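Here is a short briefing on one helix, its surroundings and a nonpolar core. Look over the sequence and the structure before reading on.

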Amino acid sequence: MNAVVQPLTVSVTEVWAQLWLSSSDCMRIRDLLVDENLVKPSSIIPKMHLTVYHCRRPMPGLTPLDEGAHVVIPTAGTRFMVLAPGGENPRPELEPRRCKVGIRIQRTNTARAQILDYRERLLSHETLNVLGGRPPSNMTRNAFGARSFQPHIALVRPGSRIERDLTKTGAVFRAKIDHLTLDRFTIDIVRKDRNGNRIGGQ
């Protein structure tokens, strides 16, 4: 007798709120990194974005969204970093070429207030039931995932061959590109089965 195969059941609902870099700026960054021979071309992330909020819980009253945005980020207020705990500063155990690397938006950046406005739209949906006893998120702290919220945009994946001294790469980047524009804001509600496969949004 054949065994009965049980259907996969939903195990996780994830919420992603993201500001997306304009396609023209994604291309400008790609061209710069390739033309200056700063990274391996295949390591460049094609659709660059800034995640303002993420959690692995359904949030009451929240619905998917896709709307235009206009957030201009002066690159003078950005710094390259390894996207790992403690990656803001050089550490011997963090080899940039083996990690994801991006730019962080510094506290003094004039775009930061607008970015936090988008984040604030999600915080009201953090009910006591969603939090499950955790302290709520605020403008600098996350209830879920990484403890601190630090706005950043990932640019390259691990295996990029980027130079260990990111200050040099950052200096070239800021000299060639003076601002970046985030032109789209999305809220995506993702349902996954128990194997981690996406089964749609709602």
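The points below go from the helix to the core and then to a loop residue.

This is a predicted model: local features need pLDDT of at least 70, side-chain atom pairs count only at pLDDT 80 or more, and totals for chains, interfaces and linings use all residues. Residues are numbered from 1 along each chain as its sequence is written, and side-chain values use heavy atoms, with hydrogens and water left out.

**Helix H1**
- H1 covers residues 23–35 (helices are DSSP runs of H or I, at least four residues; strands are runs of E, at least two; both are numbered from the N terminus).
- Its 13 residues should span 18 Å (1.5 Å times one less than the number of residues), and the end C-alpha atoms are 18 Å apart, which agrees.
- Asp25, Cys26, Ile29, Leu32 and Leu33 of H1 are buried (under 20% relative accessible area, 1.4 Å probe, protein chains only; exposed is over 50%, partly exposed in between).
- Down the axis of H1, the buried residues fall within an arc of 130° (directions from the axis to the C-beta atoms), so they line one face.
- Ser23 and Asp35 are exposed, on the face turned away from the buried side of H1.
- Asn37 follows H1 and has a positive phi, near 55°.

**Nonpolar core**
- The largest nonpolar core (buried Ala, Val, Leu, Ile, Met, Phe, Trp, Tyr and Cys joined through side-chain atoms within 4.5 Å) has 48 residues.
- Ile29, Val52, Tyr53, Leu155, Phe173 and Phe185 touch the most other members.
- Leu155 has contacts (heavy atoms within 4.5 Å) that include Ile29, Phe80 and Phe173, not counting residues up to four places away in sequence.

**Loop residue Ser22**
- Ser22 lies in the loop between strand E1 (10–21) and H1.
- Ser22 counts as buried because its relative accessibility is 8%.
- Ser22 touches Thr181 and Asp183, not counting residues up to four places away in sequence.
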